[in-house]
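This report goes through one protein chain, from its nonpolar cores to single residues. The sequence and the model are shown first.

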Amino acid sequence: MSATEMSIQHGEIFFLHELGSLLLPPQEKYERSVRVVGRCIKINTQQRRIVLQDRASTLTVDIELISDQYFVMDGLYQVIGELREGSEREGEEVGGNGRRLLLRARVARAVDGMDISLYEQSVRLRRAFLEKHKMVGKQERVRNGAGEEW
């Protein structure tokens, strides 16, 4: 495995309703790193799972890696982790098309004070900017004050 295959990928920003039509690689060993926001509507501490909801869409989140995180019902959370196809007992149906997805969380944070409509607007503006400047899917390089890339 190369160094790039082993590195942790940033979480691509998605809304929960977009996940139902998201293409995932066919092999189960490959997962897609995503970042989502939703309200916690179910907590199962025995199975180490929560369910996030945004509008009519839900997503089951495996919280085993962050089991020390405290979740509350109706709390708003941003979660970054690896998304994969889930089995019937692992996840809620996403998008009404029979797909069951499971997000294995590696980072979660409460964002209760966040303005959701402003967040959605900023994500859409960011996507339009990246598309306009053909930056979608490319590694962006950052330069520090001395002009060095890092």
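The largest nonpolar core has 21 residues, and L19, V36, L52 and V79 have the most contacts inside it. Two or more residues each are given to this core by β2, β3 (49–54), β4 (57–62), β5 and β7 (99–110). The largest share, four residues, comes from β7. A second core, separate from this one, has seven residues, among them F15, L76, Y119 and V123. In soluble globular proteins, nonpolar side chains tend to be buried together.

The model is a predicted one. The average pLDDT of the chain is 81, and 72% of the residues score at least 70. Over residues 138–150 the pLDDT is below 50, and this stretch has 10 contacts in the model beyond near neighbours in sequence.

**Overall layout**

The chain contains two helices and seven strands. Read from the N terminus, the order of elements is α-β-β-β-β-β-β-β-α. Of its 150 residues, 37% count as buried. Among contacts in the chain with a separation of 6 or more, 59% are between residues 24 or more positions apart. The accessible surface comes to about 10000 Å², and carbon and sulfur atoms account for 51% of that surface.

**The F15–Y119 pair**

The structure holds two aromatic pairs. One of them, F15 with Y119, is edge-to-face, with 6.4 Å from centre to centre and 90° between the planes. Because F15 lies in the loop between β1 and β2 while Y119 belongs to helix α2 (residues 116–132), the pair ties together parts that are 104 residues apart in sequence. Both F15 and Y119 are buried, and both residues belong to the second core.

The backbone of F15 has a polar partner as well: its nitrogen lies 2.8 Å from a polar atom of the E18 side chain. E18 is in the loop between β1 (12–13) and β2 (32–44). The C-alpha atoms of E18 and S57 are 8.9 Å apart in space, although these residues are 39 apart in sequence.

**Two buried glutamates**

Why do E18 and E82 count as buried? The cut-off for buried is under 20% relative accessible area. E18 has a relative accessible area of 18%, so E18 is buried. E82 also has a relative accessible area of 18% and is therefore buried.

E82 is part of strand β5 (residues 76–85). Its side chain is joined to that of S33 by a polar contact of 3.5 Å. Leaving out residues up to four places away in sequence, E82 touches E31, R32, S33, L102, L103, R104 and R106.

**Residues with positive phi**

Most residues other than glycine have a negative phi. R48 has a positive phi, and D74 has a positive phi too. The table lists both residues.

| Residue | Phi | Place | Relative accessible area |
|---|---|---|---|
| R48 | near 55° | loop between β2 and β3 | 39% |
| D74 | near 70° | loop between β4 and β5 | 52% |

Since exposed means over 50% relative accessible area and partly exposed lies between that value and the 20% limit for buried, R48 at 39% is partly exposed, whereas D74 at 52% is exposed.

Methods. Residues numbered from 1 in each chain as written. Predicted model: local features only at pLDDT ≥ 70, side-chain atom pairs only at ≥ 80, totals over all residues. Heavy atoms only, no water. Buried < 20%, exposed > 50% of the residue type's maximum accessible area, 1.4 Å probe, protein only. Polar contact = N/O pair within 3.5 Å; in protein donor to acceptor, adjacent residues only side chain to side chain. Contact = heavy atoms within 4.5 Å. Areas by Shrake-Rupley, 256 points an atom, 1.4 Å probe, with all protein chains shown as cover. pLDDT = per-residue confidence, 0-100. Phe/Tyr/Trp six-rings, centres within 6.5 Å; stacked < 30°, edge-to-face > 60°. Core = buried A, V, L, I, M, F, W, Y, C linked by side-chain atoms within 4.5 Å.
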